[in-house]
Structure formats: structure tokens, C-alpha cells
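User: I would like to learn how to read a protein structure one feature at a time. Could you take me through this one slowly?

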Amino acid sequence: SHQKYWAFVDWNRAAPPLSPLYAVLPAVLSITAGNFGLKLSKSRLFEGVTTRSFERIGTRTSYTPEGARTRAREAVDRILGSWSILADHLTSDAFQTLSARLRRLPLVAR
């Protein structure tokens, strides 16, 4: 998978944005171990990621823990708002698999 492509852009040192998204791979379609390899807030499990998982990043940057949670929530909202576009780029089975998995992720739950 392409976790290494996540980055911050240092255009604004007070609140650096995430880099534009590229080289996207629906990792859960290819990772059978049930985890994403890298730890995020002491967990490698997709199901272990919540907005609180980003607090440490917020502490280490100028975002603050609350700001990092807000940015994570905003990213989830943008992804959900465009979710249907994936159906044009994946097989029907792959899109259904991802959609079913999506509904089980705590990061998506409100």
C-alpha cells in the first residue's frame, strides 16, 4: 500500500495542510492481515482509528489535539461526500466490499 505518500505541505507554518492525495490504493482490498502496517496512536487496525487517533499529531504540530480531530473529521466528511465516485473506478464487488467495510469503521461513525 502507499502509506508513505501521506505528507504535510509547509505553505503555512501555522496550519500546514495535508499534501494533495495521489497514488491512492484501497488498501483493505489488498491487505489480508486486517491492519495497515504503520501504527497510528498505538494501533495498526483500521477499526482502531478514531478522530482521537490524530491527537498526538496535533500535539506535535501547531494544529493542537482538537484541531487535528477537526481536520480528521473534515477529511472523513469530504471522502464520504465523494464516496460514490469510487463506483466508477472499481468493480461492483470491490465497491460493495469497501462500502460494507466503511460502515463498520469507528472513524466514520458519528
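User: In what pattern do the strands and helices follow each other along the sequence?

Analyst: Reading along the sequence, one meets the pattern β-β-α-α-α, and the protein accordingly has 3 helices and 2 strands. Please keep in mind throughout that this is a predicted model.

User: How much of the protein is buried?

Analyst: The general idea is that a residue is called buried when its relative accessible area is under 20% and exposed when it is over 50%, with partly exposed in between. In this protein of 110 residues, buried residues make up 25%.

User: Which residues have the most contacts inside the largest nonpolar core?

Analyst: A nonpolar core is a set of buried nonpolar residues joined through their side-chain atoms. Here the largest one has 13 residues, and those with the most contacts inside it are Phe36, Phe46, Val49 and Trp83. Strand 1, covering 35–40, and helix 3, covering 92–102, each supply at least two residues of this core, and helix 3 gives the most, with 3 residues.

User: How should I read a salt bridge, and how many are there?

Analyst: One looks for a side-chain nitrogen of Lys or Arg within 4 Å of a carboxyl oxygen of Asp or Glu, and by this rule the count comes to 5 salt bridges. One of them joins the side chains of Glu47 and Arg101, with 3.0 Å from N to O.

User: Why does the pair of Glu47 and Arg101 tie together parts that are apart in sequence?

Analyst: Glu47 lies in the loop between strand 2 (43–45) and helix 1, whereas Arg101 lies in helix 3, so the pair ties together parts that are 54 residues apart in sequence. The two partners can also be read by their accessibility: Glu47 is partly exposed, with a relative accessible area of 35%, while Arg101 is buried, with 16%.

User: Which residues are joined into one network by salt bridges that share partners?

Analyst: It helps to take the pairs in turn. Glu55 forms a salt bridge with Arg52, their closest N and O atoms being 3.6 Å apart, and Glu55 also meets Arg69 in a salt bridge of 2.6 Å, N to O. Arg69 lies in helix 2 (residues 64–81) and Glu55 in helix 1, so this pair ties together parts that are 14 residues apart in sequence. Through the shared partner, Arg52, Glu55 and Arg69 are joined into one network. Within this network, Glu55 counts as buried at 18% relative accessibility, Arg69 counts as partly exposed at 25%, and Arg52 is exposed, with a relative accessible area of 56%.

User: Which residues gather in a patch of positive charge on the surface?

Analyst: When reading such a patch, one counts Lys and Arg as positive. In this structure Lys39, Lys42, Arg44, Arg56 and Arg60 gather in a patch of positive charge on the surface. Arg60 lies in helix 1, which covers residues 55–60, and Arg60 counts as exposed at 63% relative accessibility. Lys42, by contrast in its setting, is found in the loop between strand 1 and strand 2, and Lys42 counts as exposed at 77% relative accessibility.

User: What is the value of phi for Lys42?

Analyst: Phi is one of the angles to read along the backbone. For Lys42 phi is near 70°, a positive value in a residue other than glycine. Ser41 also has a positive phi, of about 55°, although Ser41 is not a glycine. Ser41 lies in the loop between strand 1 and strand 2 and is partly exposed, with a relative accessible area of 44%.

How values were computed. Residues are numbered from 1 along each chain as its sequence is written. This is a predicted model: local features need pLDDT of at least 70, side-chain atom pairs count only at pLDDT 80 or more; totals for chains, interfaces and linings use all residues. Side-chain values use heavy atoms; hydrogens and water are left out. Patches are made of residues with over 30% relative accessible area and no salt bridge: like charges are joined within 9 Å, nonpolar side chains (Val, Leu, Ile, Met, Phe, Trp, Tyr) within 5 Å. Accessible areas come from the Shrake-Rupley method with a 1.4 Å probe; for residues, only the protein chains shown count as cover. The place of a charge is taken as NZ of Lys, CZ of Arg, CG of Asp or CD of Glu. Helices (H or I, at least four residues) and strands (E, at least two) are DSSP runs, numbered from the N terminus. Buried means under 20% relative accessible area, exposed over 50%, partly exposed in between (1.4 Å probe, protein chains only). A nonpolar core is a set of buried Ala, Val, Leu, Ile, Met, Phe, Trp, Tyr and Cys residues joined through side-chain atoms within 4.5 Å.
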